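Got the viewer open? Here is a short tour, one selection at a time.

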Amino acid sequence: MNGSSFIIPIAFACLSVPAHAQVIPRYNVEVYCQQVADVSGGSTMIFNGCMDMEQQAYNALNPEWVQLTGNSRNYCAEVAKVSGGSYSILKGCIDMETNAANATRSFEFRAS
């Protein structure tokens, strides 16, 4: 086997990773919201409110997802996944990461 036969699969793998990362994660919202509702005694009102919040968060994130930095997408997708798969948590994380990136801090030495 020559060296070029290894390059094509590696190049294809590298190209497919960013495309996958640019797709908003798919969470099982119904299961997540049922778990939220179950914590509050199985309330249908809580379930429906959760579903509405998740839909609003997803609708807000979906069109801007590809414009976000890869670091923010990956980090926040993992945070939301660990939290049970919530678009509301994902959006909150993205909002905080975006705000932090727009207001980076610097350290300053001062004379005593």
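Does Tyr-87 count as buried or exposed? Select Tyr-87 and take a look: at 5% relative accessibility, Tyr-87 counts as buried. Here, buried means under 20% relative accessible area, exposed means over 50%, and partly exposed is in between, using a 1.4 Å probe and protein chains only.

Before the next stop, a word on what is on your screen. This is a predicted model, in which local features need pLDDT of at least 70 and side-chain atom pairs count only at pLDDT 80 or more, while totals for chains, interfaces and linings use all residues. Residues are numbered from 1 along each chain as its sequence is written, and side-chain values use heavy atoms, with hydrogens and water left out.

**The whole chain**

Zoom out and switch to a cartoon view. You should find five helices and zero strands, so helices and strands need their rule: they are DSSP runs (H or I, at least four residues, for helices; E, at least two, for strands), numbered from the N terminus. Starting at the N terminus, the elements run α-α-α-α-α. Of the 112 residues in the chain, 22% are buried. The accessible surface comes to about 8,200 Å², and 60% of that belongs to carbon and sulfur atoms; these areas come from the Shrake-Rupley method with a 1.4 Å probe, and for residues only the protein chains shown count as cover.

Next, colour by pLDDT, the predictor's confidence in each residue, from 0 to 100. The chain averages 85, and 81% of the residues score at least 70. Helix 1 has the lowest confidence, with a mean of 44, and helix 3 the highest, at 97. Select residues 6-20: pLDDT stays under 50 there, and the model has one contact beyond four places in sequence for this stretch. A contact means heavy atoms within 4.5 Å. Among the chain's contacts with a separation of 6 or more, 61% are between residues 24 or more positions apart.

**The tyrosine cluster**

Now go back to Tyr-87 and add Tyr-27 and Tyr-58. Ring pairs link these three, Tyr-27, Tyr-58 and Tyr-87, into a cluster. Rings of Phe, Tyr and Trp (its six-membered ring) pair if their centres lie within 6.5 Å; planes under 30 degrees apart count as stacked, over 60 as edge-to-face and the rest as tilted. A search of the whole structure finds three aromatic pairs. One of them joins Tyr-27 and Tyr-87, a tilted pair at 4.9 Å centre to centre with 50 degrees between the planes. Tyr-27 sits in the loop between helix 1 (4-21) and helix 2 (29-39) and Tyr-87 in helix 5 (residues 87-101), so this pair ties together parts that are 60 residues apart in sequence.

How are the rings of Tyr-58 and Tyr-87 arranged? Their centres are 5.0 Å apart and their planes at 75 degrees, so this pair is edge-to-face. Tyr-58 is in helix 3 and Tyr-87 in helix 5, 29 residues apart, so to speak of distant parts of the chain being linked is fair here too. Tyr-58 is partly exposed, with a relative accessible area of 23%.**Ser-86**

Step one place back to Ser-86, in the loop between helix 4 (70-82) and helix 5. Ser-86 has 0% relative accessibility and counts as buried. Which residues does Ser-86 touch, not counting those up to four places away in sequence? Show Tyr-27, Tyr-32, Glu-54 and Ala-80. Ser-86 and Tyr-27 are 59 residues apart in sequence, with 6.7 Å between them in space, C-alpha to C-alpha.

**Salt bridges**

Side chains of opposite charge can pair when their charged atoms come close. A salt bridge is a side-chain nitrogen of Lys or Arg within 4 Å of a carboxyl oxygen of Asp or Glu, and the count comes to two. Select Lys-91 and Asp-95 for one of them, where the closest N and O atoms are 2.9 Å apart. Lys-91 and Asp-95 are four residues apart in helix 5, which means that about one helical turn separates them. Lys-91 is partly exposed at 25% relative accessibility, and Asp-95 is partly exposed at 31%.

Then pick Glu-108 and Arg-110, whose closest N and O atoms are 3.4 Å apart. Both of these residues, Glu-108 and Arg-110, are exposed.

**A nonpolar patch**

For the last stop, show the surface and select Val-36, Met-45 and Ile-46, which make a nonpolar patch of about 260 Å². Patches are made of residues with over 30% relative accessible area and no salt bridge: like charges are joined within 9 Å, nonpolar side chains (Val, Leu, Ile, Met, Phe, Trp, Tyr) within 5 Å. Met-45 is in helix 3 (residues 44-61) and is exposed, with a relative accessible area of 65%.
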